[in-house]
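Trainee: I should like to go through this model and ask, for each term applied to it, what justifies the term.
Mentor: Please proceed; let us have the model before us.

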Number of protein chains: 2
Amino acid sequence: MSAKVRLYVEHPLGAGQSVPLDRDQAHYLFGVMRLQAGARVALFNGRDGEWQTVVVDAGKRSGLLQCEEQSKPLQMPPDLWLLFAPIKKARTDFIVEKAAEMGAARILPVGTDFTNSERIRRDRLQAHAVEAAEQCGGTFVPEVDDLQKLSRLLDHWPDERQLMFCDEAEVGNALELYGQQHENAPWAILIGPEGGFSETERKRLHAMAQSHVVSLGPRILRADTAAVAAMTLWQKALGDW
Amino acid sequence: MSAKVRLYVEHPLGAGQSVPLDRDQAHYLFGVMRLQAGARVALFNGRDGEWQTVVVDAGKRSGLLQCEEQSKPLQMPPDLWLLFAPIKKARTDFIVEKAAEMGAARILPVGTDFTNSERIRRDRLQAHAVEAAEQCGGTFVPEVDDLQKLSRLLDHWPDERQLMFCDEAEVGNALELYGQQHENAPWAILIGPEGGFSETERKRLHAMAQSHVVSLGPRILRADTAAVAAMTLWQKALGDW
């Protein structure tokens, strides 16, 4: 029988491997979930797939699990980055959660000319990505980058990485076509801030050889909705759906 | 210059029409937004498009606006219903908000065999749909139905309405194909509860001539993510995107 509780750990996983738990993990498994020695827990670390483990030692502040067998191989998402401008806290959390669920490989918060929120808590956003992966059966956790300026990121933009650029003022062409023109290329999706892009940003994005405008329909979408919708279009046309 | 404040009202809108405000609306426009006589407000009522109006009378508990000109015609969404099983409060609110943004015509909360939450506040959910339309520039507000049992809804399912059925256990075919087979048909999307459908529900759904299974990729999605992703696929393949 496979475990109902899924937990992300940093420790390596493999046949016969012992996995020590830290205080928070022990509290969650033995305090909150009330598991006892002999109970089963599914672990993943983002590198070694998912492993079924058994509780060997259940303490108040520590514990030990033992790996039995691999229950899922590591399933990497496609090489897709999600760039977005952080907005209100709840919606920023939501975008990170959804990016992990939808299969983004890396999450890059960017500051734009019209972004108001200057700070993010990177560790908290990373924890949201971990939790989304725990809940959704994923074996991979996308890394959340520190906030950086969009203009600086574009200064060093990789030649081969294509950029899906969702601009409400534009009508775009078909993503499938762009995919044929750039076969097997890595991609990124850029979601604008609620106030849109500045003229300078817009000109620069349009001038990039890698950028492709894609329309998200006739209604104006909030940034968090736009993020899910854009990832859906990409996964369906060029990803693993 | 067009107004920055958008407000939903029940009152008819048309050239020269006067629109009285109720207490809450007057408080919002004159107390919160600090508008004064002569200021501009965009109004829509879900039937007459969007109208630019001017504040004629700004009181503490009442007010009067006067319609000047129509700034947007009524833009109806496609005839798409969204059926979903209410979950935790915040995520239920979110699904209703997203359905309004993504262009669903009607929102139907349904109780399934594995749904835990038995109650919804229909009026509160309707208010979320109104707020989403206000924020997103829409001129139409989808109606939120009262909670009803999925089995009862299926007992009276309209012959012609096709049903996109997102079941994580299934691999579906292309929505475009189903669209060609049922040209101009009205549609509905059914999002299952987090616990999935019961075997009885599943058998019944599969046996319906109108139902079409569509896959949402290899990762398990939360119900709110699945709702946005499914509406994206539908709007792109068969809707107005």
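**Reasons behind the terms**

Mentor: Let us begin with a single residue: B:R222 counts as buried, with a relative accessibility of 7%. Please bear in mind that the model is predicted.

Trainee: What makes B:R222 count as buried?

Mentor: The term buried requires a relative accessible area under 20%. B:R222 has 7%, so the residue counts as buried. B:R222 is placed in the loop that joins strand 12 (211-213) to helix 7 (223-238) of chain B.

Trainee: With which residues is B:R222 in contact, apart from its neighbours within four places in sequence?

Mentor: The contacts include B:R91 and B:E194 in chain B. From chain A, they include A:E97, A:K98, A:E101, A:E131, A:A132, A:Q135 and A:C136.

Trainee: Is A:R34 buried or exposed, and how do you know?

Mentor: Exposed means over 50% relative accessible area. A:R34 has 67%, and is therefore exposed. This residue belongs to the loop between helix 1 (23-32) and strand 3 (40-44) of chain A. Its C-alpha atom is separated by 49 Å from that of A:D167, which is 133 residues apart from A:R34 along the chain.

Trainee: Why is helix 2 of chain B described as largely enclosed by the rest of the structure?

Mentor: Of its 14 residues, 12 are buried, so the description follows. Among them are B:R91, B:F94, B:I95, B:V96 and B:M102, together with charged residues including B:D93, B:E97 and B:K98.

Trainee: How do you know that the length of helix 2 of chain B agrees with expectation?

Mentor: The expected span is 1.5 Å times one less than the number of residues. For the 14 residues of helix 2 (residues 89-102) of chain B this should come to 20 Å, and the end C-alpha atoms are 20 Å apart, so the two agree. After helix 2 of chain B comes B:G103, with a positive phi near 85°.

Trainee: Which strands of the sheet in chain B stand at the edges, and why?

Mentor: The open sheet has 5 strands in the order 1-3-4-5-2, with mixed pairing. Strand 1 (6-8) and strand 2 (18-21) of chain B each have a single partner strand, so one side of each lacks a neighbour in the sheet; they therefore stand at the edges. From one strand to the next, the twist averages 40°.

Trainee: In what sense do strand 4 and strand 5 of chain B pair, and over how many bridges?

Mentor: Strand 4 (residues 50-58) and strand 5 (residues 63-72) of chain B are antiparallel, with 8 bridges. One bridge joins B:A58 to B:G63 in strand 5 of chain B. Helix 3 (residues 122-135) of chain B packs on the sheet and touches strand 1 and strand 3 of chain B, its direction making about 150° with that of strand 1.

Trainee: What makes the relation between chain A and chain B that of a two-fold axis?

Mentor: Chain A is superposed on chain B by a rotation of 180° with 0.0 Å of shift along the axis, at an RMSD of 0.0 Å. That is therefore the relation of a two-fold axis. The same surface serves both copies, as 100% of the contact residues of chain A recur in chain B. Within chain A, the residue closest to the rotation axis is A:A229, with its C-alpha at 3.0 Å.

Definitions and conventions
Residues are numbered from 1 along each chain as its sequence is written. Chains are lettered from A and ligands numbered from 1 in the order in which they are written. This is a predicted model: local features need pLDDT of at least 70, side-chain atom pairs count only at pLDDT 80 or more; totals for chains, interfaces and linings use all residues. Side-chain values use heavy atoms; hydrogens and water are left out. Two strands pair if DSSP finds at least two bridges between them. Helices (H or I, at least four residues) and strands (E, at least two) are DSSP runs, numbered from the N terminus. Axes are lines fitted to C-alpha atoms, for helices over the stretch in contact, and angles run from 0 to 180 degrees between N-to-C directions. Contact means heavy atoms within 4.5 Å. Buried means under 20% relative accessible area, exposed over 50%, partly exposed in between (1.4 Å probe, protein chains only). Copies are superposed by least squares on the C-alpha atoms of residues with pLDDT of at least 70 in both.
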